Amino acid sequence: MKIAVLGGDGFVGWPTSLHLSARGHEVHIVDNLSRRWIDTELGVQSLTPMDSIQERTRIWHQETGRRIHFHLIDLARDYDVLKSWLAEHRPDAIVHFAEQRAAPYSMKSDRHKNYTVNNNVNATHNLLNAMTEIGLDAHLVHLGTMGVYGYSSVGAAIPEGYLPVGIETLSGETASQEILYPTNPGSIYHMTKSLDQLLFQFYAKNDGVRITDLHQGIVWGTHTEETKLHAQLINRFDYDGDYGTVLNRFLIQAAIGYPLTVHGTGGQTRAFIHIQDSVRCVEIALNNPPKRGDRVEIFNQMTETHRVRDLAELIARMTGAKVAYLPNPRKEAAENDLVVRNDKFLSLGLNPITLEEGLLAEVVDVAKKFDYRVDRSRIPAVSAWTKDIEPTIERDPEGKRLKSVG
């Protein structure tokens, strides 16, 4: 297949591009490189040294003989350029990662909220609009998030996208139907993913666009089979308070002798998936497209759930690190259960990678190798969800509160 990977320079986009190229697909990365600009804005950098996208693709060709093409396009702003590109290249499938992906970044200020909404919603709508306008019958696979469901405890497993409901009719009978599972976003970022769902539902119904929406859990890990092939193919690895994901942050903190920072009670339960499984799930979704006219196909792209404090204690036992409990910058329940169905990917052949200590140790080894690149002042999560929470945030990474732990 000819596959366009939108946002193919990012944390999941890059290893996905390599994975698909390695399996013989013609891969075109479309990216505005905004994630690199955000690094500059925040004054941080990936723990792992990243080369330019052109250099990365050059090394990939050198190592494999396969080419990945790069196109600099801003989906949210350059509608006409995007439409022209799609009309010229007419990909068989499109993988859409091209959205601002961090909940804390989306809550930093009013400007960051505006940026996240404008970028994410416009990018998705521009894409759907352009596909429809030029009559492009490509299968669109979108990376969504488990966060659209929210994290409240309802005492039942979260289904894959749709919820069967019964509605009492005027005649007193019960009419059955399936509706999108009610969204309950916990941040501006999650809200944009919820809005994406409605855009997908409309374009699938109105224009027959074939869409698969992947509700992904928190990604952990660094390497995939392809990123291991050469040092310059290494994936980005974020440790800062805005973009670092919880498990990766714990592993990096352990590697550099920093307390594992748990916010609140640590009773929040989250869904997780290893990055190798993430790219494999995208491949599986691409190989199983819905038919034209079908409703949006939704997969829960996660493999296991854990409480945050349990993860911290697991890594503390493994590494000898201390655990620090800090005020929570998020507005969320202190404790929640999370039961999720993920039968579809399992039935299609996914063999999940779980939190076995060997792979956790691999991440620690990567963190130790590049620990000279860590700016410890960037580790704390300091983006407050509300103005009332802001004064409670722990901003001193080496302050009294952290040093007193243990």
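Reader: Hi! Quick one to start: which residue in S7 is the bridge partner of Pro164?

Author: Hi! That would be Glu178. Before we go on, this is a predicted model, in which local features need pLDDT of at least 70 and side-chain atom pairs count only at pLDDT 80 or more, while totals for chains, interfaces and linings use all residues. Residues are numbered from 1 along each chain as its sequence is written, and side-chain values use heavy atoms, with hydrogens and water left out.

Reader: Good to know. How many bridges hold S6 and S7, and in what sense do they pair?

Author: Seven bridges, in the antiparallel sense, between strand S6 (residues 162–168) and strand S7 (residues 174–180). Helices (H or I, at least four residues) and strands (E, at least two) are DSSP runs, numbered from the N terminus. Two strands pair if DSSP finds at least two bridges between them.

Reader: And what sits between S6 and S7?

Author: Five residues, which makes S6 and S7 a hairpin. Gly172 in the turn has a positive phi of about 90°.

Reader: Let's move to the sheets. What is the strand order in the sheet of seven?

Author: The order is S3-S2-S1-S4-S5-S8-S12, in an open sheet with parallel pairing. Strand S3 (68–72) and strand S12 (297–301) stand at the edges with a single partner strand each, so one side of each has no neighbour in the sheet. The twist averages 20° from one strand to the next. Angles run from 0 to 180 degrees between N-to-C directions, and axes are lines fitted to C-alpha atoms, for helices over the stretch in contact.

Reader: Zooming in, how many bridges join S4 to S5?

Author: Four, with strand S4 (residues 93–96) and strand S5 (residues 139–145) running parallel. Val95 stands opposite Val141 of S5.

Reader: What about the sheet of three strands, which order does it have?

Author: S9-S11-S13, again open, but here the pairing is mixed. Its edge strands are strand S9 (218–220) and strand S13 (304–307), each pairing on one side only. Direction ignored, neighbouring strands are turned by 45° against each other on average.

Reader: How do S9 and S11 pair?

Author: In the parallel sense, over three bridges, with S11 covering residues 269–274. One pair to click on is Trp220 and its partner in S11, His274.

Reader: Which strands does H8 touch on that sheet?

Author: Helix H8 (residues 246–255) touches S9 and S11 as it packs on the sheet, where contact means heavy atoms within 4.5 Å. Its direction makes about 35° with that of S9. Helix H9 (residues 275–286) also packs on the sheet and touches S9 and S11, with a direction about 75° from that of S11.

Reader: Switching to helix pairs: at what angle do H6 and H7 cross?

Author: Roughly 15°, with the axes of helix H6 (residues 110–133) and helix H7 (residues 188–207) coming within 9 Å. H6 and H7 are therefore roughly parallel (angles under 35 degrees; over 145 is roughly antiparallel, 65 to 115 roughly perpendicular and the rest oblique). H6 passes H7 in a right-handed crossing: the near helix is turned clockwise from the far one by less than a right angle, whereas anticlockwise would be left-handed.

Reader: Which residues meet there?

Author: The H6 side includes Val117, Val121 and Leu128, and the H7 side includes Leu195, Leu199 and Phe200. By class, the contact of H6 with H7 has ten nonpolar, seven polar and three charged residues. Ala, Val, Leu, Ile, Met, Phe, Trp, Tyr, Cys and Pro count as nonpolar, Asp, Glu, Lys and Arg as charged, and the others, Gly among them, as polar.

Reader: And H4 against H6, what's the crossing angle?

Author: Roughly 45°, with the axes of helix H4 (residues 79–89) and H6 coming within 9 Å. H4 and H6 are therefore oblique to each other. Tyr79, Leu82, Lys83 and Leu86 of H4 make the contact with H6 residues including Leu127 and Met131. That contact divides into six nonpolar, two polar and two charged residues.

Reader: Last topic: how many salt bridges does the count come to?

Author: 25 salt bridges, each a side-chain nitrogen of Lys or Arg within 4 Å of a carboxyl oxygen of Asp or Glu. One of them joins Asp39 and Arg35, with the closest N and O atoms 2.9 Å apart. Both residues lie in helix H2 (residues 34–42), four residues apart, about one turn of the helix.
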